[in-house]
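Got your viewer open? Let's take a walk through this one together, one selection at a time.

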Amino acid sequence: MTGIILNKLTFGYSSPLIEDLTCSFSRGWTAITGKNGCGKTTLLKLIMGQLKPWSGTITTKGTIAYCSQSTELPAADAENFMWDYSGTAMRLKGLLQIKEDWLERWSTLSFGERVRFQTARALNAEPDILIVDEPTNHLDSESREMLYNSLKNFRGTGLLVSHDRKLLNELPFQCLFFKPPSAVMRPGTYLSGKAEESREYNELLNSKTQLQKNMKRLHTEAQREKRLAAKADSDKSKKNLGKKDSDGRAKLDLARLTGKDAVHGQLYKTMQNRILKEEEKIAGINIKKQKSVKLYSDTSSAKSDFLIRLSAGRLVMGARTLVYPDLFVSPLNKIGITGSNGCGKSSLVKYIVNSIRPDNCLYIPQEISEKDAASFTRKISQLPKTERGKVYASIDRLGSDPRRLLETESPSPGELRKLILAEGFLNSPSLLIMDEPTNHMDLDSVECLEEALKEAECAIMLVSHDRYFMDSIIKTEWKIEADESEDFFKLEIRK
């Protein structure tokens, strides 16, 4: 049975974000993909009834469970799950390694641990429809594997919004590709859908190239006919004939009557009409040009030898302890901090930002509260026009549409990160620290961010579980691993 049916669905804010969308979601997983802010989370809210469409209908069959991107607070029914000792609940707690004290110490849990708890809670409800929004954000490789296995076992209708390449190529049997205000459903995984999209793009590019070649040939032929027509007109002119040349005048009059000498003029007009039609065809093929991904900034390396000097020591994090050696960050260093969830990566970064206070540092945390997000968007709106223009130019280069960003009151988490990064780069930071920078970002945006960070002429410190992303940027790794017990961790520097 079909779980969800959308019929001519239209919704937006000041302009349509989703327009005349008709599709269905049946048993199995459907991935919903597209750029940040394109309407993925908005579609989920429409399906759950949190928003009302402008027009069209949404039909759902069965119960719905939702795993939100936000982990700031546990879900309302979290306590029921925590004290549920049924076979299903215990299996999920074991599969995702949920511990009994997690709900009591929610504020001290890592974001990855919170995601695992929220996912287990939703699966335990055994819904007919399960909606998960960026489920692998904050998860280390081990936790991601746990989550993959738990979602694979779901037998209802699943909707997945994610930028995780492994998840997108293992779970879905179909993918909905968003390009506002339209969307295209393609069968198969994300990879096969992108391959089909790429094939269509290449066909379009080849068609445009062929049309442009035809245009060039038509222009050449048209100019030739124009010259011949002009010569024919000149030859037909009676001005060059003598007054007594009655035979010549008679021949010209006969040529005008039969139209034989007008053939080149007619051919020229035909060519012009064909050129106009070809121009219309070419104008109808809209192929986006490749954009620069360089952020609008004047980033430069610091003049001092070291931006950070931290003597060897211990960082106590509740019941856990992180032991670290002498740590140095010099200008243009590209450092990646890696390790399992809860090992102290974010705690170390916060300690550096709050205690060491490096000069001219731009820090973007792992999660941004709704209050801070609202405050920042107000700050952006109050920037001088020139600076605001530079911010939106950088947003465009990072793969988002500034116009759509201006229309929404609350940017998506991915777009909010881009805004903070773009605004922060106006101050030419010497050190950029980002905690899980690819979380909430679509794949196109991740690639744009990757290229932008490669170009940035400042020191960079990244915390991320996205190995492909890290390997393309970092030169030095600060690896944190458990030493003998789960509550004792040690940092090792690797180059």
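Here is a tour in four stops, with a word on the model before we start.

What you have on screen is a predicted model, where local features need pLDDT of at least 70 and side-chain atom pairs count only at pLDDT 80 or more, while totals for chains, interfaces and linings use all residues. Residues are numbered from 1 along each chain as its sequence is written, and side-chain values use heavy atoms, with hydrogens and water left out.

**Stop one: a helix.** Select residues 40-47, which make up helix α1. Helices here are DSSP runs of H or I with at least four residues, strands are runs of E with at least two, and both are numbered from the N terminus. Six of the eight residues in α1 are buried, so the helix is largely enclosed by the rest of the structure. Buried means under 20% relative accessible area, with exposed over 50% and partly exposed in between, using a 1.4 Å probe and protein chains only. Pick out Lys-40, Thr-42, Leu-43, Leu-44, Leu-46 and Ile-47 to see the buried ones. After α1 comes Gly-49, with a positive phi near 85°.

**Stop two: cysteines.** Try Cys-38, buried at 3% relative accessibility, then Cys-448, also buried, at 15%. How many disulfides does a search of the whole structure find? Zero, counting as a disulfide any pair of cysteine sulfur atoms within 2.5 Å.

**Stop three: a sheet.** Now show the six strands of an open, mixed sheet, in the order β5-β6-β7-β3-β8-β9. The edges are β5 (64-67) and β9 (182-187); each has a single partner strand, so one side of each has no neighbour in the sheet. From one strand to the next, the twist averages 15°. Strands count as paired if DSSP finds at least two bridges between them. β5 and β6 (residues 129-133) run parallel, with four bridges; one to find is Ile-64 with Ile-129 in β6. Add α4 (residues 111-124), which lies across β5 and β6 at about 175° to β5. Such angles run from 0 to 180 degrees between N-to-C directions, with axes fitted to C-alpha atoms, for helices over the stretch in contact, meaning heavy atoms within 4.5 Å.

**Stop four: a cavity.** A cavity is a set of points on a 1 Å grid over the protein atoms alone where a 1.4 Å probe fits but cannot get out; lining residues have an atom within 4 Å of a point. The structure holds two of 30 Å³ or more, and the largest has a volume of about 70 Å³. Select its lining, including Cys-67, Val-115, Asp-133 and His-440. α4 gives the most to that lining, with three residues.

Notes
1 Å grid on protein atoms, 1.4 Å probe; cavity = no way out; pocket = protein on both sides within 12 Å on 5 of 7 lines; lining within 4 Å. Points joined across faces, edges and corners; volume = space filled by probe spheres on them.
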